[in-house]
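User: I've got a model open and want to learn how to read its sheet and its main pocket. Can you walk me through them?

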Amino acid sequence: MKAGENKLIRFLEGHDKNFVIPVYQRNYDWNKENCKQLFNDLKDVIKNNRKSHFFGSIVYIYNEENDDGQEFIIIDGQQRITTLTLLMLALLHELEEDSENTEVDKELIRNEYLIGKYNKQEKVKLKPIKNDNLAFKALFKNIPEDFLPSNITNNYLYFRDMIKKEFLTLSEIFSAIKKLDVVEIRLKSSEDDPQLIFESLNSTGLDLSEADKVRNFVLMRLGAQKQEEYYEKYWNKIEILTKYNVSNFLRDYITFKDRKAPNKSKVYFAFKEYILSSSDFNIEAILQDLLKFAKYYNSIIESSHTKPEIRNVLGYLNKLDMTVAYPFLLELFDDYNNNLLNDDNLEEILLIIESFIVRRVVCDVPTNALNKLFMTLGRDIKKFEDYDDKYVEIFKYILSQKRASQRFPNDEEVREKMILKDIYNTNAKNKLHIFDRLENYNNRERVDLQRLLDDKLLSIEHIMPQTLSIIWKNDLGENYELTHSKYLHTIGNLTFTAYNSELSNKAFEEKKRIKGGFIESKLFLNDFIKEQNSWDQETILKRARLLIEKSIEIWPSSKTDYENERDVENTYSLDDENNFTGEKIKYFQFLGQDTNVDNWRDFFQQICFILFELEATKFKRFVIDEDFRKRSILVSDKKEDLRVPMEIAKSIYIEGNLSAEHILSLVRMMLQKLEIDLSEVNICLRENKVE
């Protein structure tokens, strides 16, 4: 490695230099704001007559074996080099359009910085990656109708516009460009590891996505020819299939593969750790597997399948926006592709997942526990020896055994919770999905509620209005305030209408008969309403019960006759909203290790042992920590201060006579004070079979 300060323009100049952006690099991502900042910096250089302005670093591999001039493979700094090249191209075209302007030598700009005049093909010196390169080459023709949509084009046009608008001469701009300094870092491919250098640079905060880092990690290890080949054959297809949400796809992929959900900002490191832990590290095999699962991912996000029924239920799941289920869905599609499941099996499982999600929504069950459930669900199914024959029944059996925040609400809970559920203020996507399925279930002529809402042909309506008139108060009776506050936003009082929302406060009979009112409506949701002569608590509850029973039919519970002696693990993260009173702990997971424990007191002592080993100095501070001394002494350096002292280290004791919930609240507090994510600790409860 060789590093030193240089003028960026000196780095770029040279008749036989070629600058290559390798395919494993991200696209050109700088936008108008980045270009605006550069232009403002140049103006500041001019205004204050500065001698220099630091413009970052350039890291490259110098290819000594290239026959076509000097080749510089850019490892870091492509955004800066590309942007400055666009600015100089804009300067060149301004000079060419004003033939009388001789303040800057246009041939110098063309031949020294933009075109390799004396290389074999007199080609453009900078070569961005595929799509950027097409847009870049089109700009050199300076024919607007040939320009391609790209950040390359947008930023070039921005610079052309700024050059015309600003009261700066072309000579001043070019002089300012010549004052840009960079740190130039030259690597030798035979001696330096570009991957390690890349990681070091990005650990300091360079703005690369997790997908960018993974792509670099995989492709940087290859020669230039293989990079091009694998980029076209695999990575570019992965980008297209995932709709360029590669980072999200990779997170779901590694969650399924490794059975751990990495933080969104640590996907690259989780992927790298998983791949390097494999005994057979084969780059093409990795890319082949990623491409296979990207195809599954595309089927999921695009709701695509040869069977219409499967397309429909995938559409339902996408409307519910439950991306938390994607790791399991990837595994599910792989099992389907491997003939463990047929079309009917796949459809049934997807419908059960929809039921599971909707029932939890209407019963207000927290969603944060679902990460843990869906990341291990496929593995849990395969723990049963007969899973290849009874995959669906085992799937239903496992869901039926889940408890607390992972539970599948039963019919009784749905009836109890849904009747008072505030549907109106529920997440908009979930609310619309519930009404859409209620409206269209077993309906031959599907009503597109979303389109009708978007086109303002329908609007959601409170039958009993949000503001009560005198007539409504009389119709609701002496308890009108209680009825209004209790049932206003519930499913029994909500529907869709075509009449003007300004009329929503009209009396019930008037709402029925006005143009676009209930009597004219062909919606199933309004069938019951149009038959009523009045609207009060009794009719609201009667309609609610009808819709709830239909909901139970649309979204059935996970019932199965399957029986097995194998335990179904109920594992929860400490950031789940659970009450573990009456539950018994089996083991806990922390830092990738499983630790068996006899009871909650044992759990408290064991995790404190681990935390003390990790952060002994910080742990000792708990002795004097005010939060641990507010109600009573819970951590002490004196054994006699505690009722049931448990020794953690010399002169460090914790209280052992605590309930499960008290212990968990203290462990959460400790983790937070030690700056450890609560999701790092998972608790597995002992079996408690549902009869």
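Analyst: Sure. This is a predicted model. Start with a definition: two strands count as paired if DSSP finds at least two bridges between them.

User: And what holds paired strands together in general?

Analyst: Strands of a sheet pair through backbone hydrogen bonds, either parallel or antiparallel. Here, four strands make an open sheet, ordered β9-β15-β10-β11, with antiparallel pairing.

User: Which are the edge strands?

Analyst: β9 and β11 (593–596), each of which pairs on one side only. From one strand to the next, the twist averages 25 degrees.

User: How many bridges join β10 and β15?

Analyst: Five, in the antiparallel sense, with β15 covering residues 681–685. For a spot to click on, try Phe588, which stands opposite Ile683 in β15.

User: Now the largest pocket. How much space lies in it?

Analyst: About 1200 Å³. Its lining counts 41 residues, and those nearest the centre are Lys260, Ala261, Pro262, Ser679 and Glu680.

User: Which elements each supply at least two residues of that lining?

Analyst: Helices α11 (246–258), α12 (267–276) and α17 (370–382), plus strands β9 (570–573) and β10 (585–590). The largest share, seven residues, comes from α17. You've met two of these already: β9 and β10 are also strands of the open sheet.

User: What does the lining look like by class?

Analyst: There are 17 charged, 13 nonpolar and eleven polar residues in the lining of the largest pocket.

Methods:
Residues are numbered from 1 along each chain as its sequence is written. This is a predicted model: local features need pLDDT of at least 70, side-chain atom pairs count only at pLDDT 80 or more; totals for chains, interfaces and linings use all residues. Side-chain values use heavy atoms; hydrogens and water are left out. On a 1 Å grid over the protein atoms alone, a cavity is a set of points where a 1.4 Å probe fits but cannot get out, and a pocket is an open set with protein on both sides within 12 Å along at least five of seven lines; lining residues have an atom within 4 Å of a point. Grid points are joined across faces, edges and corners, and a volume is the space filled by probe spheres set on the points. Ala, Val, Leu, Ile, Met, Phe, Trp, Tyr, Cys and Pro count as nonpolar, Asp, Glu, Lys and Arg as charged, and the others, Gly among them, as polar. Axes are lines fitted to C-alpha atoms, for helices over the stretch in contact, and angles run from 0 to 180 degrees between N-to-C directions.
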